[in-house]
Amino acid sequence: SGLLAYMRTFGLRGRTANLLFELPYSWGATKGFVGETPDSQDFAGFSDLAASLTVNLVGAPAMTPGDFQALRANPRFQLGLKLKLVLPTGHYEKGRLVNVGANRWAGKIELGSVIPLMPRWLLELQAGAWFFGADDDFITGKREQDPIYSAEAHLIRRFRPGFWASLDANYFTGGRQTIGGNELVDLKSNSRIGATVVVPFAGRNALKLGYSVSMRTRYGGDSDQLLVAWQHLLK
């Protein structure tokens, strides 16, 4: 999968806010059996468009660039709210089991905080919940899903402005599916740990590297994940 994203920071009723748009593109292949007959299927296309609005409620009013640099140099307690909406715009074919689009609406509400521990150490805490619409065209019947509740923690070490590293951990539970009226045994209770480093270069650019591993997987993907991202500040 690849991801194209655009973020705009602005002031919203005197508070720092940002609006983020994300458009993933996925491609791959599946192999398996239909009964006892081997089969394979390629898939590729744009996934669902997502839009997120994040607003700082405590500790970060709308700022000038100079005020923002001062906050980065001397961070204080912050509390923010994030609302995310995923639209069913991705490529979806009714006769396929594996699709890049989900063919349903999804939304997430999340609270996050930044807690300064020492001059160069920060603790970030997040708690949120995903809510899902129904996929009425799923190949084996109407697909419904219970909410997924999640929590994250990030211990961050800052080296200089824009250059930081973190230890990361998360936990999520819920998400049991009902397909065609049949409730599945797929309740999730999973956790991961990992690390992230962001290195700025050439003034307006940054390279982000991350790696995570599964600690507990009750249901779902049990895999190692590698993240490589390039960020560019437009102005």
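The exercises below, each with a worked solution, concern strands, ring pairs and lysine contacts in a predicted model.

**Exercise 1. Find the order of strands in the open sheet of three strands, and state which strands stand at its edges.**

Step 1. The order is β8-β11-β12, and the pairing is antiparallel.

Step 2. β8 (143-145) and β12 (182-183) each have a single partner strand, so one side of each is left without a neighbour in the sheet. These two strands therefore stand at the edges.

Step 3. Strand β11, residues 177-179, is joined to β12 by two bridges. In one of the pairings between residues, I179 has N182 in β12 as its bridge partner.

**Exercise 2. Follow the pairing of strand β9 with β7 and with β10, and describe the hairpin of β9 and β10.**

Step 1. Strand β9 covers residues 148-160 and strand β7 covers residues 121-132; the two are antiparallel, with 10 bridges. A127 has A151 in β9 as its bridge partner.

Step 2. β9 also pairs with strand β10 (residues 163-174), again in the antiparallel sense, over 12 bridges. Here R160 is opposite F163 in β10.

Step 3. Two residues lie between the strands of this hairpin, and G162 has a positive phi near 85°.

**Exercise 3. Classify the ring pair of Y25 and F46 and the pair of F159 and F163, and give the accessibility of each residue.**

Step 1. Two quantities are needed, because a pair of aromatic rings is described by the distance of the centres and the angle of the planes.

Step 2. The structure has four aromatic pairs. In the pair of Y25 and F46, the ring centres are 5.0 Å apart and the planes meet at 75°. An angle over 60 degrees counts as edge-to-face, so this pair is edge-to-face.

Step 3. Y25 belongs to strand β2 (residues 15-34) and F46 to strand β3 (residues 37-46); at 21 residues apart, they link distant parts of the chain. Ring pairs also bring in W27, giving a cluster of Y25, W27 and F46.

Step 4. For F159 and F163, the centre-to-centre distance is 4.9 Å and the angle between the planes is 35°, which makes the pair tilted.

Step 5. Partly exposed lies between under 20% and over 50% relative accessible area. Y25, at 33%, is therefore partly exposed, and so is F46 at 47%. F159 has 36% and is partly exposed; F163, at 23%, is partly exposed as well.

**Exercise 4. Locate the charged end of R143 with respect to the ring of F138.**

Step 1. The charged end of R143 sits over the F138 ring, at 5.8 Å from the ring centre.

**Exercise 5. Decide whether K108 is buried or exposed, then list what K108 and K84 touch.**

Step 1. K108 is in strand β6, residues 106-118. Its relative accessibility is 15%, and buried means under 20%, so K108 is buried.

Step 2. Leaving out residues up to four places away in sequence, K108 touches K82, L83, K84, A129, W130 and S150.

Step 3. K84 is in strand β5, residues 78-86. With the same neighbours in sequence left out, K84 touches E22, A50, A51, S52, A106, G107, K108 and W130.

Step 4. The side chains of K84 and E22 are joined by a polar contact of 3.3 Å.

Step 5. Between the C-alpha atoms of K84 and R72 there are 25 Å, with 12 residues separating the two along the chain.

How values were computed. Residues are numbered from 1 along each chain as its sequence is written. This is a predicted model: local features need pLDDT of at least 70, side-chain atom pairs count only at pLDDT 80 or more; totals for chains, interfaces and linings use all residues. Side-chain values use heavy atoms; hydrogens and water are left out. Two strands pair if DSSP finds at least two bridges between them. Helices (H or I, at least four residues) and strands (E, at least two) are DSSP runs, numbered from the N terminus. Rings of Phe, Tyr and Trp (its six-membered ring) pair if their centres lie within 6.5 Å; planes under 30 degrees apart count as stacked, over 60 as edge-to-face and the rest as tilted. Buried means under 20% relative accessible area, exposed over 50%, partly exposed in between (1.4 Å probe, protein chains only). A charge sits over a ring if NZ of Lys or CZ of Arg is within 6 Å of the ring centre and within 35 degrees of the ring normal. Contact means heavy atoms within 4.5 Å. A polar contact is a pair of N or O atoms within 3.5 Å; within protein, one must be able to donate a hydrogen and the other to accept it, and residues adjacent in sequence count only if both atoms are side-chain atoms.
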